[in-house]
Amino acid sequence: MSKKKPAAGTNLLYQLIAEARSYDDVIVMGRGDPDFDTPAHIVAAAKQAMIHHQADVPPAAGLPALREAIADRVKRVNNIDVDPASEVVVTNGGQEALFLMVLAALGEGDEMIVPEPNYNTYADSLAFVGGVKVAVQTAHEANFRADPADVRAAISDKTRALLLVSPNNPAANVISPADMRVLVDIAIEHDLMILADDIYDLFVYDDFVHTSPASLPGGKERSLTLNALSKSYSMTGWRLGWIVGPADLMARVVALKAAISGGTSIIAQHAGIAALTGPQDAVEMMAAAYARRRRLVLDALDEMGMDYGLPQGGQFVFANIAFTGMDSAEVAQRILSEQHVLAYPGSAFSKERKDYLRMTFLQPEAQLVEGLRRMKLAMANLS
Amino acid sequence: MASQSKANILARHAANAALNIPLPAIAMRGARDLGADEPFYPLDERIIAGAADAMESGQTHYVDVPGIPPLREAIAEHLNADSGTSWGSANILVTAGMQEARFLTTQIIGAQYASIAVPAVAHPGLRKALGLKRREVLSLPDEPERGFLPTLEGIAAALENGCRLLYLESPSRLSGAVYSASQVARIADLLAQHDAAAIWDAGLARWVADGCSSLAAQAQESVAVIGEAWHGSGLGAWLVGAIAAPTDWIAPMQSQKQIMAICTSTASQYAALAASEIIGETQQQRLAQMHAQRAAAVVLAGELGLDILPGAAENLLALRLDASGRGKLAEAGIDFAAGEDFGAPDTIRLNIGAATIAALETLA
């Protein structure tokens, strides 16, 4: 039924993951899965819920108590005011939130402006609805900043939405408050929907500042904003995320959610309540660890003489490997096969990024040091 | 200033009637909730231990898109034991509940075919899943007196007219009616004759006392089986479902699963795994209890002159009921599944449980 094609995009990543599993000594600097386990108090709360909340049956939009906690969180962290009853929908992780946002906002032939490089699933979701990605290219020399002038120039009469992922994955750029203001104004001027992905909003480094477009004047009524607990609470396996947005659009989001999955695991939702309403020191500890690891990775890349966009946020660095003269898929394959280090090829994120690798800081420091040592050996062989 | 773009989006979605179809609750929210898709049973402490132990030992990270290997293996083994198939774990994709299984099969297998023929009366989740993308959907004629199962003549006609993909429920999600072994054999013959394929919803099969013939047992290379893991185990709101299908169908569905969810919640998967190991212990007891409750409900409904639809699944009872009867149930605070949401007006579906008799008594 399906024709065999060379692995690309997400499939390429899964092929590499599968090979990585075959090495006992592999060091994974690819997948965005934090090495920390979910904090113990969250697991304990989930266990209590298994015992005491067996008869809870959430509506498709999610448990009311969780939606309240999400509304509190987006007000506190993102300065977005939402009504938990009508403007919050709980999802099976950030990934389902992403898919739902695209499904809700775009239809066949609609164009979405996507600053590149970007998380590959946006293109996959857009393809599902028959939408068209209009890429706005960025450069590592400018720390992958999307110039609002370039965004404006890319708008056509078919443009319906603007994707703003900040901190960006894989480029780790944080959209500055000033740029965000201009981008929201452009969206208002051209009557575009904004799809905002804030999943890394708690991981911003140095003096960079995260700004949610929905927090700005005129932003909320045209923005769907996703987030999830996967990265911030190390809860990737639980699959718990959310979308917030204006009530009229969110009514459609919940209808779409009912059509694709019907609901979200009750036990993940109780774990989510514990995460959002309980102690936050584990999040602070993880953020501090990522900041240290980021420095360690950047120092190693500097030693290797590699160029990269400064990771202003997120949990990874997008480094240039043009000096190898090889395609990133081939470089990632060789690093994996020869040194047992998994890094993601840039080509999996965008076909224009064949000369980049994404490396995460999601391993304990000792492992990162060893991974970088091996990477150095691999790069020496390649250059 | 009002946004024209947003208005256009809202108008586009409003025009999609499928999105507005209400769904029954995933699981019973209380003793008088007789409209939900799954009965409520307290969780066995071993299921809780299975999930909690996994979480406490650090199984809180992403897992394989198609599901954790032991759960896939367990699902394959259960299907094979119950229905005579020979699935392996590579044939299994774990989903975030039954609706995701409907969505993935109808959208991804459906995309390989020009049209899909579906029962005129089916779970409303089917029309919702199909409604997300424009494609030709043919409605299979049914017989209300046979529990709204599509007729074999209707299936044959759809195939003769060029349709190559069927979606069938056995047991029916509304009435619990099932195709007999000879009817299933005939459908398998029709598939072979027309080089056609089928999506076979067998989620309620475990509630048929004498067993339920599976189309996959006779046409495994052209059938995808979907269902909950496990219906009635108390895990309804934990949302674990499964698809069993040939591997060349699993691959594109796995890609789509990655796009829309990455994987199914690990806590839910480990709970389903623990449930798989003990489900046989409670099955016969629950089935016998439901059989007795359903038989009593049928007798009472007969005495009340209610028109009962035939069904073999012991977990539900479908009957004709007019607005006055529905009003009485509503006044008594009893929830039911409305047949019109399934495509069968003037019909309701009641879960079988301790409150079913009380519900019928309100109609006296």
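This passage describes two helices of chain A and the interface between chain A and chain B in a predicted model.

Residues are numbered from 1 along each chain as its sequence is written, and chains are lettered from A in the order in which they are written. Because the model is predicted, local features need pLDDT of at least 70 and side-chain atom pairs count only at pLDDT 80 or more, while totals for chains, interfaces and linings use all residues, and side-chain values use heavy atoms, with hydrogens and water left out.

Helices (DSSP runs of H or I, at least four residues) and strands (runs of E, at least two) are numbered from the N terminus. Helix α7 of chain A comprises the 13 residues 177-189, which should span 18 Å at 1.5 Å a residue, and its end C-alpha atoms are indeed 18 Å apart; the expected span is 1.5 Å times one less than the number of residues. Its buried residues are Asp179(A), Met180(A), Leu183(A), Val184(A), Ile186(A) and Ala187(A), where buried means under 20% relative accessible area, exposed over 50% and partly exposed in between (1.4 Å probe, protein chains only). Seen down the axis of α7(A), these buried residues fall within an arc of 155°, so they line one face of the helix; the arc is that of the directions from the helix axis to the C-beta atoms. On the other side of α7(A), Ala178(A) and Glu189(A) are exposed. The buried residues of α7(A) pack against α6 (148-154), β5 (159-165) and β6 (193-197) of chain A, contact meaning heavy atoms within 4.5 Å.

In helix α9 of chain A (residues 266-277), eleven of the twelve residues are buried, so this helix is largely enclosed by the rest of the structure. The cover over these buried residues includes α2 (40-52), α3 (64-78), β2 (88-91) and β8 (241-244) of chain A, together with α10 (266-303) of chain B.

The contact between the chains takes 68 residues from chain A and 60 residues from chain B. Together the chains bury about 5400 Å², 60% of it on carbon and sulfur atoms, buried area being the accessible area (1.4 Å probe) that two parts lose on being put together, summed over both. Lys6(B), Tyr62(B) and Ile259(B) supply 13% of the area that chain B buries against chain A, more than any other three residues. Four salt bridges are found across the interface, a salt bridge being a side-chain nitrogen of Lys or Arg within 4 Å of a carboxyl oxygen of Asp or Glu. The side chains of Asp110(A) and Arg12(B) meet in a salt bridge, with an N to O distance of 3.6 Å.
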